[in-house]
Every structure is written in C-alpha cells, then in structure tokens.
Amino acid sequence: MTSALEARGLTQRYGRRKTALQDCAFRLPEGRICALVGPNGAGKSTLLALAAGLLRPTAGTLGVLGTDPASARDRVAYVAQDKPLYTQLTVAETLRMGAELNPGRWDAGTADRIAGPLDRAARVRTLSGGQRTRVALALALGKRPELLLLDEPMADLDPLARHQLMGALMADAAERGTTVVMSSHILTELEGACDHLLLVAGGRIRLGGDIDDLLAAHTLLTGPAGDLGPHTVVESRVTGRQLTALVRHDGPVDTRAWHPTQPSLEDLLLAHLRSPDAPPLLIPSASTDTDGTVAA
C-alpha cells in the first residue's frame with residue numbers, strides 16, 4: 001500500500017524550549033480523506049507545513065508521495081490558515097498566475113468552478129475572508145494535486161458556502177483520487193467528509209487509522225459502576241448510579257453487566273482529548289511497523 005505521508009521519529013522544535021512534534025511515527029495511505037484533529041498548539045499546522053516542505057524537521061523523516069517534501073512539491077497543494085495571496089492582484093490575475101506557475105497541470109475549469117461567483121476584476125485586497133478562501137482553494141484545486149493539505153480551510157466561511165465548497169472539494173478528490181489532509185475544529189464537518197483520522201495531542205499522534213476501524217476498536221459501556229474487566233479504559237464518568245466508559249475492547253463485553261453502544265466520531269475524539277494519558281492507538285494501515293503492530 002503506497003503512502004501519501006510516512007513519518008518516522010518526526011520531531012520539530014522551535015528554539016530550545018518549544019517542541020511542536022515529538023518522535024511521531026505514522027503512515028497515511030494514498031487516496032484517503034484524512035481529518036487532522038487536536039487542540040490548539042498540538043502541532044497540526046507544523047505537521048502540514050513540514051509536509052508542504054516549508055519546514056525542515058529537527059529530527060526524523062517525513063516522506064511525501066514516496067519521496068521527500070521538496071521533491072514532491074509540484075504534486076502537493078497547501079492552503080495555510082492565513083491563506084496568503086498577492087492582495088494587489090485581481091481574482092482573474094491570481095488564477096492566471098496559478099496557470100503560469102503550474103504548466104501542464106493546471107485545470108482552468110476546476111479553478112473557475114471553485115472561484116464561483118467572485119468578480120474576476122475585483123482585487124484580492126477588497127475581498128472578504130470567505131471570498132479569499134474561495135480564491136485560495138481555487139488555486140489549490142486548479143493545480144490538480146496528488147496531495148492536498150488544508151489548514152482550517154473553512155473557518156471563515158458561512159454555513160452555506162462551507163457546505164457548497166466542502167461538497168465540491170470532496171467530489172473533486174473522489175474523481176481524481178486525491179489524498180486530502182484537512183485540519184479542522186468542526187467535528188461534524190469532518191465526520192461526514194473524512195475516512196481517515198490523525199489525532200495529535202502533546203506533540204504526538206494519539207490515534208491514527210481509518211475511522212471505521214478506529215470506531216470498531218472502541219465501545220461505549222453504560223451500567224452500574226463496577227469492574228470493566230479486561231478492557232483498556234480511555235475515559236469513564238459517573239452520573240448518579242450509572243457509569244459511562246469509552247473502552248478499547250480487549251475481549252468480549254459482558255452484556256449482563258454493561259449496555260454497549262457504538263461511539264460516534266465526536267465521542268471518540270472528545271474522550272481521547274479529555275484523557276491525554278490514555279494509551280495511543282495506530283491501527284495496522286496507519287502504523288510504520290512492518291508487522292502491523294500498534295505504534296505511537
């Protein structure tokens with residue numbers, strides 16, 4: 001299985017005191033739509049910048065599309081949080097620049113469709129934040145990337161525009177087989193669009209793998225407070241006489257004592273974010289171990 005991203009011992013420090021990423025090891029198979037999730041300051045933006053070739057790691061390696069980030073740059077598109085654009089250019093001039101910088105790859109039809117209703121004669125500096133997002137996404141998708149990196153891409157869009165652009169983005173990715181890594185705090189947005197997850201917390205990968213497999217590895221148990229048996233407990237809370245626990249089931253569930261239900265993606269993420277000491281889990285497709293064992 002070919003990897004779009006593969007990290008081994010990946011570490012990024014800023015100066016002597018701040019460590020954004022620490023000894024991360026994971027792989028992201030090609031063709032996935034990956035949600036990159038974590039609290040502020042967890043290292044998400046750093047990871048995306050490393051994949052885009054804008055930073056060099058302090059230690060370890062990060063492979064991109066089977067090579068190094070610098071060599072893969074023509075095949076990667078990156079939309080940063082602040083969406084830097086040349087503000088003195090018009091929308092039309094910006095799209096023309098995209099075509100000239102990406103000869104042989106540029107898809108004018110896709111770029112024009114994503115730019116949508118924007119006045120092509122308007123200068124970028126006159127556009128709202130949401131309109132600039134449209135221009136930045138038009139540049140990124142017009143490049144026809146094999147790997148698309150998005151850092152909080154929809155944060156400044158209204159709900160209707162977010163829904164429309166997310167639909168266009170997912171349709172384009174499905175048609176071309178593009179690998180997408182998307183950082184976002186809007187969990188409901190990710191749940192409907194993504195099939196793979198990387199949860200970053202404390203500079204490390206806490207969860208990684210296909211979302212269906214990660215959800216299947218966990219169970220929500222509800223019942224009288226008592227022994228949770230052989231299961232690895234991620235989080236437990238007591239309400240009145242009832243205990244609710246998210247567990248990684250390491251054996252059969254005793255249904256006489258517990259009522260098991262399938263957690264949602266939001267249940268899974270919030271439980272792991274509230275429990276930073278819970279053991280990490282990378283399923284085999286996300287692990288860099290050749291034998292498919294769990295890695296952190």
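Visitor: Let's start with E235: does this residue count as buried or exposed?
Guide: Happy to begin there, and keep in mind that this is a predicted model. E235 has a relative accessibility of 12%. The cut-off for the covered class is under 20% relative accessible area, so E235 counts as buried.

Visitor: How far apart are the closest N and O atoms of the salt bridge between R237 and E235?
Guide: R237 is partly exposed, with a relative accessible area of 46%, whereas its partner E235 counts as buried. A salt bridge needs the side-chain nitrogen within 4 Å of the carboxyl oxygen. For R237 and E235, the closest N and O atoms are apart by 4.0 Å.

Visitor: Which residue forms a salt bridge with R32?
Guide: Good one to trace along the chain. R32 sits in the loop between β2 (18-29) and β3 (33-37), and its partner lies in strand β9 (residues 204-210), 178 residues apart. Both residues of the pair are buried. With the closest N and O atoms 3.0 Å apart, the partner of R32 is D210.

Visitor: What is the N to O value for the salt bridge where the side chains of R120 and D112 meet?
Guide: Take the surroundings of the two residues before the value. R120 is partly exposed at a relative accessible area of 23%, and D112 is partly exposed too, at 41%. Their side chains meet in a salt bridge, and from N to O the value is 2.7 Å.

Visitor: How many salt bridges does the structure hold?
Guide: Besides pairs such as R120 with D112, there is a network of salt bridges linking D107, D172 and R176. For the structure, the number of salt bridges is eight.

Visitor: How many of the residues of α4 are buried?
Guide: Helix α4 covers residues 129-142 and reaches 20 Å from its first C-alpha to its last, close to the 20 Å expected. Its buried residues include G130, T133, R134 and the stretch's last member, G142. What covers them includes β5 (76-79), α2 (91-101), α3 (108-115), β6 (147-151) and α5 (159-176). Of its 14 residues, the number buried is 11.

Visitor: Which residue with a positive phi follows α4?
Guide: Helix α4 spans residues 129-142, and the residue to look for comes after that helix. Its phi is positive, near 55°, and the residue is R144.

Methods. Residues are numbered from 1 along each chain as its sequence is written. This is a predicted model: local features need pLDDT of at least 70, side-chain atom pairs count only at pLDDT 80 or more; totals for chains, interfaces and linings use all residues. Side-chain values use heavy atoms; hydrogens and water are left out. Helices (H or I, at least four residues) and strands (E, at least two) are DSSP runs, numbered from the N terminus. The expected span of a helix is 1.5 Å times one less than its number of residues. Buried means under 20% relative accessible area, exposed over 50%, partly exposed in between (1.4 Å probe, protein chains only). Contact means heavy atoms within 4.5 Å.
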